[in-house]
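Me: I've got a protein model open and I'd like to understand the words people use for it. Can we go through them one by one?

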Amino acid sequence: MPIKNRLAELLPEIAAWRQDIHTHPELGFDTTRTAALVAEKLRAFGCDEVVTGIGQSGVVGVIRGRSDTAGRVIGLRGDMDALPILEATGAAYASQTEGVMHACGHDGHTAMLLGAARYLSETRNFDGTVVVMFQPAEEIGKGAKAMCDEGMMDRWGVQEVYGMHNMPGLPVGEFAIRPGPLLAATDEFFIEVTGHGGHAAHPEETVDPTVVASHIVLALQSIISRNADPIAQGVLSVTAMETSSHAYNVIPQSVRLRGTVRTHSADLQDLIERRLSELAEATAQGFGGAAKVEYLRHVPITINATEPAAFAAEIATSVSGGCGEAPLIMGGEDFAFMLQERPGAFIFVGNGASAALHHPEYNFDDEAIPAGCSWFAELVERRMPAA
Ligand SMILES: [Zn+2]
Ligand SMILES: [Zn+2]
C-alpha cells in the first residue's frame, strides 16, 4: 500500500504544525510550549487518554483500537527538543528564539507522530492500543530515560516500541534501517592530571601536568589502534584541555582533559573504559604525577531487535520507494533507553539533500511527512490487524 490518502490530504495541516514548532524551539526539559501544543492536539483528535508531565515535560497519548482481543500495545515515540544553535536557514518561519533552533528535525518528528495520532484516532482500524510518547531532552540524552524511570512502559503495558529519525542525504520518501546495533553508546570522560606547579623558568623543580596530559592524550589514541579488535568500530576523542594556569610564566598545578567515547559493542565499551583509566593513571605515575579518571556512560547503544527491525523495513518498503540498509552511526540517540526496556526498532526517513543534522542551515523537509506518518500508521494497522 502506498502513502495513505488521508495522510497525504492532511499534509498542509501537518506541515503547518511542524513550522509552528520550528518557529518556537525549546531546549532540553524546557519544552513547555511544545508539550502543551502536543497535548492540546491529542485531546482534539479524541485520544482516549492524554497525560502530561511524564519525565518532567513528556506527553503520552493513548489511542484504543476498534477492538482489543489480544491485549496488544505498541509504543510510538517522537522527540520535541531543539538545539542551542543560531539558525541560518532564512526560512520565513525561522526560530524566533535567538540561539535556539530545530537543527535535528525533532519538529518534523513531533509533527509526523501527531499526524499519525490524528489518523489513528479517526480510523481506529486496529485491534489493540497505541501509546504515542512525546519526549523532551533527547539532545541531552535524558528525556527517554526520565519517562521510562517514571514507569511509563508498565503503566500503559507497552510491549514494543518504534521510533524514527530523519536522515539528510537519504532521498525524501525513502527509509533506511539495520537490525542489531545502529547508533553508538555515547560516553564522556574527564581526566584530572595533577603535577607540581611552579615557575616556568624552573621546570626541574616541577612536575609539569601539561606535559603529562599531552602524553596521556597520545597514549589514549593507542586504545583504538592497538587494544581494540580492528573489526570493532570505536571512537575516542579528547575534545578539551584546560590548565589551572592562565599565565605564560607559570607551570600549572593541574590539567583537566575531557572527551568522548563512541562504541557499538558492550565489549569494546568496557575495554576502552578500563584501558583509559590504566593508561592515564600509569602514564601520570611514570612522570611523577597523578591522574584521576571520571567515566560517564550517557546514552547506551541503540540496538534494533531483529524481528521488529525486519517488520519495520517491510512496512517502510510498502509505504515508500524503498528501504535500504542504514550505516552504523557514531552519533547517539536516547531512544536507546526505550529499546533497553522493550523490543522494537528505530528507522531513518530520508530528508533529501539538506544540510547535515545540527548544522545552522539544516531544515526538516516537509515532503517527508506523508512517508513518515504513513509508516507509523501502517505499522500499527499491520502489527495489530483489526479483528
Ligand atoms: Zn540531534
Ligand atoms: Zn535528533
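**Two zincs and a shared cysteine**

Reply: Sure. Cysteine 104 forms a bridge between the zinc ion (ligand 2) and the zinc ion (ligand 1), and the two ions lie 3.2 Å apart. Keep in mind that this is a predicted model.

Me: What makes an atom a donor of the zinc ion (ligand 2)?

Reply: The cut-off is an N, O or S atom within 2.8 Å of the metal. Cys104 (SG), His106 (NE2) and His165 (NE2) coordinate the zinc ion (ligand 2) at 2.1 to 2.4 Å, so they count as donors. Along the chain, these donors follow the spacing C-x1-H-x58-H.

Me: Why can you say that cysteine 104 and histidine 165 tie parts of the chain together?

Reply: Look at where they sit. Cysteine 104 is in the loop between β3 (73–79) and α3, while histidine 165 is in strand β5, so the pair ties together parts that are 61 residues apart in sequence.

Me: Are cysteine 104 and histidine 165 buried or exposed, and how do you know?

Reply: Buried means under 20% relative accessible area. Cysteine 104 has 6%, so it counts as buried. Histidine 165 has 4%, so it is buried as well.

**The zinc ion (ligand 1)**

Me: Which atoms hold the zinc ion (ligand 1), and how do you know they are donors?

Reply: The protein donors are Cys104 (SG), Glu139 (OE), Glu139 (OE) and His358 (NE2). They lie 2.0 to 2.7 Å from the ion, and the cut-off is 2.8 Å, so they qualify.

Me: Why is the site of the zinc ion (ligand 1) called irregular?

Reply: Check the angles among its 4 donor atoms: they run from 53 to 149°. Four donors count as tetrahedral if all angles lie between 85 and 135 degrees, and as square planar if opposite donors are over 155 degrees apart and all others between 65 and 115. The range of 53 to 149° fits neither rule, so the site is called irregular. For reference, the ideal angle for four tetrahedral donors is 109.5 degrees.

Me: How are the donor residues of the zinc ion (ligand 1) spaced in sequence?

Reply: The pattern is C-x34-E-x218-H. Glutamate 139 is in the loop between β4 (129–135) and α4 (143–149), and histidine 358 is in the loop between β16 (344–350) and α10 (369–383); this pair links distant parts of the chain, 219 residues apart.

Me: Are glutamate 139 and histidine 358 buried, exposed or partly exposed, and why?

Reply: Buried is under 20% and exposed is over 50%, with partly exposed in between. Glutamate 139 has a relative accessible area of 23%, so it is partly exposed. Histidine 358 has 38%, so partly exposed fits there too.

**The largest pocket**

Me: What lines the largest pocket?

Reply: The pocket has a volume of about 590 Å³. It is lined by 28 residues, and the closest to its centre are Glu138, Glu139, Gly332, Glu333 and His358. By class, the lining has 13 nonpolar, 9 polar and 6 charged residues.

Me: Which strands and domains contribute to the lining of the largest pocket?

Reply: β5 (160–167) and β13 (290–299) each supply at least two residues, and β5 gives the most, with 3 residues. Domain 1 (5–179 + 303–383) and domain 2 (185–299) each provide at least three residues of the lining.

**Two positive phi values**

Me: What makes the phi of arginine 124 and alanine 137 worth a look?

Reply: Most residues other than glycine have a negative phi. Arginine 124 is not a glycine, yet its phi is positive, about 50°. Alanine 137 also has a positive phi, near 55°. Arginine 124 is in the loop between α3 (106–123) and β4, and alanine 137 is in the loop between β4 and α4.

Me: Why are arginine 124 and alanine 137 called buried?

Reply: Use the 20% cut-off again. Arginine 124 has a relative accessible area of 17%, which is under 20%, so it is buried. Alanine 137 has 0%, so it is buried too.

How values were computed:
Residues numbered from 1 in each chain as written. Chains lettered and ligands numbered in written order. Predicted model: local features only at pLDDT ≥ 70, side-chain atom pairs only at ≥ 80, totals over all residues. Heavy atoms only, no water. Tetrahedral: all angles 85-135°; square planar, octahedral: opposite > 155°, others 65-115°. Helix = DSSP H or I, 4+ residues; strand = E, 2+ residues; numbered from the N terminus. Buried < 20%, exposed > 50% of the residue type's maximum accessible area, 1.4 Å probe, protein only. 1 Å grid on protein atoms, 1.4 Å probe; cavity = no way out; pocket = protein on both sides within 12 Å on 5 of 7 lines; lining within 4 Å. Points joined across faces, edges and corners; volume = space filled by probe spheres on them. Nonpolar A, V, L, I, M, F, W, Y, C, P; charged D, E, K, R; others polar. Domains from an automatic or database assignment.
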